[in-house]
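Please explain how this structure is put together. Take the reader through its parts in plain paragraphs.

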Amino acid sequence: GQVVYSIAEETERGASVGNIAKDLGIDAATLSARKFRMITGSSKQYFNINASTGVLSVNEPIDREQLCELKSACLLNYELVLENPLELYRMEFKILDINDNSPSFPLSEYHINMPEFLSPGARFTLPNAQDLDEGTNSVHNYTLSPDEYFHLEMQTRGDGSKYPELVLKKALDREQQATHRLVLTAKDDGDPPKSGDVPVIVTVLDTNDNAPEFEHSVYRASILENSPSGTLVVQVHATDLDEGPNGEVRYSFSNTTSADLQRMFAIHPQTGEVTVNGVLAVQRPLLEMLIEARDNGAFGMSSTAKLLVEITDVNNHGPEITITSLSSPIPEDAVPGTVIALLSIMDKDPGENGKVTCQIPDHLPFQLKPSLESYYSLVTSGLLDRELISGYNITITATDLGSPPITTQKTLWVQISDVNDNPPVFSADTFDVFVEENNPLGAFLYQVSASDPDMGENGRVSYMLGNSTVAGSALASLLSVSLANGSIYAKCAFDFEQLRSFHFQVEAKDNGLPALSASITVNVYISDQNDNAPAILYPTSQNGSIAVEVVPRLADEDYLVTKVVADDEDNAENAWLSYHLAHSSDSTLFHLAPHSGELRTTRSMRSTDFLKHKVVVVVRDHGDPPLSSTVTVGILLADTLPQALPDFDDSGEPPPLLNATNIYLIVSLACVSCIFAAFLLFLAIVQL
C-alpha cells in the first residue's frame, strides 16, 4: 500500500513521475469509475493523475528551499483513495535538491581597516556566504582575487564548519596604496557549479599600528547548567602597547560567534568579564566562542581569542512534598505531641542528591518527627491558644544534599478550633446610671456590654439581673434586662422623693459547656424633677376661710404683720422658694420680703386708713418650669382682738361716694360755706 518516488526540484509542469496504476497493480481503466482522489496536507497540489492511463505527472513546479527550508530530507506525502471497494494507498515523494541557488553574502560589500604597520601574517575574519542548497550544492570553498599583499586561508571551528580568513602576506604602505580592492568568491560543488562574490575593500590606516594581544589564545571555563543570569564565566584580558585611545581595549563577541551563544552570554566591553545572560538551553557540553579585542584608535585594531565553555551537569530534581493526611482544625486544648499531619517527602535524584533534610520554622508550636522511611509526622510541641492565634501557616522546607542543594517548600494551613476557656469580661468594674424621676414605663436606662474572645456559642453572651431587693421590692419589679444585648429598661416610674439611688448586679454568662460567667455592679442615681408645688405651712386657712392677722390700729413702720412659711419636697433649685405679693388692697401700706416671706408695713398706720385689708401672697420655686402656690391673708386694724372676725370678701374696697352719710356731709358743708360768704359780703358793704 505504499510507493515512493524521487523527483528533482523545479521539474517542469507536465513531466512524468511514474505510472501509479502500474506501480500499485491497479487497472488504470477503473480509476475514474472508482472515484480516485489524491489527498495531501500541502497548500498546493503539486501532482495529478491521468484518469485514463494512471500516469502521475507534475502539476506545479516545486521549490525545495521554499517548501522544506533547511531540512536535510524534503518529503511530500499523498494518499490515494479508491472506492468500490474502498482502498487507501500512500505515496511519498522525495524532493531532490538541484543546484539552483548561488552562494550569496549578507552585505553588498565589506570594509576592513588595516593599520599600515601590521606585520605579515596578520589575520582578519571574512564573512561567510550562504547557500540555500544542501550537500555538495552548498558553499564548498572560497577564493580571493590575486593580490600581492593578501591571500586567503580557511579555518575550522569546533563544530567542523569552515570560515575564511584574510591573511596579510606583505607589509602595507599607505603612502604607496591607501586602498586595496579585493573580490571574495564563494563556490559550491554543484553541477554545474555556481558562485557568488562580494567586494572586500581594505583601507590602510596611517596610525595605531599595534593590535590588542590576549594573554591566552584559548580560554577555558566550566559553569553549571543552571547558573543564573549574571554568573561570571571567565575574564579575558588583552593588552595594547599603544598609548591613549589607541591603547584602550574594548571587548566583544566576534561576528563569527553564533547569535544563540551571543544571547546566552554577555561580555563587558571594558573589563572583559563574560557572564551568563540567560538560560543555558544547550544540548552539547562544550561551547566555542570567539572574543574580539579592539582598541579605541581612530581606526581600531582587533584580535581574537577562543573561549571554550564546558557546561557541567547539576542536581536538577527538587524534593517532592506530599500531604498524606491532615487533621484540621484541631482544638486549642490539644496536648503536646498530638499528631496533625503525615507527610511523604521524596527526591528522584540518586545518591547524595536524593537525600533530603526537612524542617519547619522554629517559632511555631509544632515539630517534625521522622516516621517510616521518607515519612514525617507533624505534631504539636507546645500549648495552643486560639484567642491569640486562630491558625498557623506552617511552611515545610525540604532540601536535598546535592551541590548546589535544591529546596522545595509547601505550606499547610492548620486552623485552631475554640474551646470555652474564657469567661465574659466587662470593660469596667462598675457602671453609673443617671435617670430622671417620672420616667416612662419601659424607658431605656443603660446598656452593659461584656466581651468574650471565644467563638460561636462559647463567645455568645447572655445577660440577666442578680437576685436582690430595692427598698423592699424585688429588683425584677423595677428593672428588666435584654438577654441578648444587655440593655436595661425601667419597669416602673421612679420617684426621687421616695428613692434617690440604689445598686444591683448584672451577670453575663456565655453559652459554652460548662458555661462561664462574670458580674458587674450597676449604680442607679435618680435625678429630681420639679414635680411638687410649694406647700404653704403658715398662715393656713380653715374651712375655706381667709387667714386673718390683727395689726394695731396705729402700728409703726416696718411692723411685722406675719411671716409666710412654705416647704417644697423637691431638691436643689426645684426647692428654692421665693415670695411675691400678687395683690394688695393698698399697695402703699404693705411689702413682702422675697426670701424670708415676712409681710411688713411700709409706713405707720393712720386713723384714716381702712380697718380691713386683704393681700395675696404667691410662693414660687425655681424649677423649669417653675411651680407656685398662693395664700390670701386678711389684715384687721384693731387694738384688741374682736369677738367675731369681720367678713373680708370686700375688705380693702372703698365705700360708695354717694351714700346717705356723704350726702349729709356735702349739704352741711355747702350751707356753712354759703353763710360764711354772705357774712363776708355783709362786712364789705358795711365798710363801704
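A salt bridge is a side-chain nitrogen of Lys or Arg within 4 Å of a carboxyl oxygen of Asp or Glu. One such pair is R294 with E292, whose closest N and O atoms are 3.3 Å apart. The model is predicted, so local features need pLDDT of at least 70 and side-chain atom pairs count only at pLDDT 80 or more, while totals for chains, interfaces and linings use all residues. Residues are numbered from 1 along each chain as its sequence is written, and side-chain values use heavy atoms, with hydrogens and water left out.

The domain assignment of the protein chain gives domain 1 (2-96), domain 2 (110-205), domain 3 (213-312), domain 4 (320-417), domain 5 (425-527) and domain 6 (535-637). Such bounds come from an automatic or database domain assignment. Between the C-alpha centres of domain 4 and domain 5 the distance is 50 Å.

Next come two of the sheets. Strands (E, at least two residues) and helices (H or I, at least four) are DSSP runs, numbered from the N terminus, and two strands pair if DSSP finds at least two bridges between them. One open sheet has three strands in the order β9-β12-β11, with antiparallel pairing. Its edges are β9 (123-125) and β11 (150-156); each has a single partner strand, so one side of each is left without a neighbour in the sheet. β9 is joined to β12 (residues 162-168) by three bridges, and F124 has L166 in β12 as its bridge partner.

Another open sheet has four strands in the order β16-β23-β22-β19, and its pairing is mixed. Here β16 (218-224) and β19 (249-253) stand at the edges with a single partner strand each, so each has one side without a neighbour in the sheet. β16 and β23 (residues 302-312) run parallel and are joined by seven bridges. Within this pair, A221 has V309 of β23 as its bridge partner.

The interior can be described through nonpolar cores, which are sets of buried Ala, Val, Leu, Ile, Met, Phe, Trp, Tyr and Cys residues joined through side-chain atoms within 4.5 Å. Buried means under 20% relative accessible area, exposed means over 50%, and partly exposed lies in between (1.4 Å probe, protein chains only). The largest core has 29 residues, of which F426, Y463, L479, F494, F502 and F504 touch the most other members. Elements that each supply at least two residues of this core include β33 (430-436), β36 (461-465) and α5 (475-478). β42 gives the most, with five residues. A second, separate core of 27 residues includes V3, L31, L80 and L82.

The salt bridges number 17 in the structure. In the pair named at the start, R294 is partly exposed at 35% relative accessible area, whereas E292 is buried at 16%. R386 and E387 also form a salt bridge, at 3.2 Å from N to O; R386 is buried at 8% and E387 is partly exposed at 22%. In a further pair, D558 and R600 have their closest N and O atoms 3.9 Å apart. This pair links distant parts of the chain, 42 residues apart: D558 is in the loop between β44 (547-551) and β45 (560-563), and R600 is in β49 (residues 598-601). R123, E153 and E165 are linked in a network of salt bridges.
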